[in-house]
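Please find below a short note on charge pairing and helix packing, set out as numbered points for discussion.

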Amino acid sequence: MTNTNTPAGNISAAPRYKARWLTVCGFLMAMNTVLSSFNIPVPGGHFYLNDVIIVAAALSLDPLGAFLVGGVGAFLGDFFFYPLPMFVSLATHGLEAVVISLFARRYGKKNLLLTFFGVFLGALIVVIGYSLGRAYVYSTPEYSLIKLPFEILQAGIGAILGAFIWKNRNMGDTIQKIINKKSDDFNRLTADYYFL
């Protein structure tokens, strides 16, 4: 039986593949956590930009990697900076990332309309999840209604910018090359990024 997650089903490449996959997921998760620390105060809460990296990573990774980056990364960001809604973030951003990743894996760049529909569904999950989560965490539906317009704006900006980065900057292709290539190819591929 061959391992289909490795390049060309090569079993000997599995440890290298897994290490690179973990490294990419860890790096993107750290980016999500860091972006969770920067916010813009708005009525009823704060406006965050971590949705951008969640969407871009979900479009680029498999569902498990997307969940780690989106759900666990947002959970850690809340855990370190504002722990009250951390489980809401885990469930909401985790589900968002998995849905987007499933659409991207199924349709990818072959059918952008359906892929972007998955991004829209992910944004809808964030708006509904955080609205219900706020009503539960803060025990008042009025509080979630105050934040609703900003939640829609945050999810929309995250969806648009994340999809733009994925499509126009070839983030998904770059991540797959990093995960799948041999070490010499990896060094050549990443050499240009050291000087950015």
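1. Which residue forms a salt bridge with K147, and how many Å apart are the closest N and O atoms? In this predicted model, the partner is E151, and the closest N and O atoms of the pair are 4.0 Å apart. Both residues belong to helix α6 (residues 141-168), where they are separated by about one helical turn because they lie four residues apart.

2. As to the surroundings of that pair, E151 is buried, its relative accessible area being 2%, and K147 is likewise buried, with a value of 1%.

3. The search of the whole structure finds two salt bridges, and the other one joins D173 to K109, with 3.7 Å between the closest N and O atoms. Since D173 sits in helix α7 (residues 171-180) whereas K109 sits in the loop between α4 (86-107) and α5 (112-137), this pair ties together parts that are 64 residues apart in sequence. D173 counts as partly exposed at 40% relative accessibility, and K109 is also partly exposed, with a relative accessible area of 37%.

4. Helix α7 also takes part in a helix-helix contact, its axis coming within 8 Å of that of α2 (residues 50-60) and crossing it at roughly 60°, which makes α2 oblique to α7. The crossing of these two helices is right-handed.

5. On the α2 side of this contact are I53, A56, A57 and S60, which meet M171, G172, I175 and Q176 of α7. Sorted by character, the contact residues comprise five nonpolar and three polar ones, with no charged residue among them.

Notes:
Residues are numbered from 1 along each chain as its sequence is written. This is a predicted model: local features need pLDDT of at least 70, side-chain atom pairs count only at pLDDT 80 or more; totals for chains, interfaces and linings use all residues. Side-chain values use heavy atoms; hydrogens and water are left out. A salt bridge is a side-chain nitrogen of Lys or Arg within 4 Å of a carboxyl oxygen of Asp or Glu. Buried means under 20% relative accessible area, exposed over 50%, partly exposed in between (1.4 Å probe, protein chains only). Axes are lines fitted to C-alpha atoms, for helices over the stretch in contact, and angles run from 0 to 180 degrees between N-to-C directions. Angles under 35 degrees count as roughly parallel, over 145 as roughly antiparallel, 65 to 115 as roughly perpendicular and the rest as oblique. A crossing is left-handed if the near helix is turned anticlockwise from the far one by less than a right angle, and right-handed if clockwise. Contact means heavy atoms within 4.5 Å. Ala, Val, Leu, Ile, Met, Phe, Trp, Tyr, Cys and Pro count as nonpolar, Asp, Glu, Lys and Arg as charged, and the others, Gly among them, as polar.
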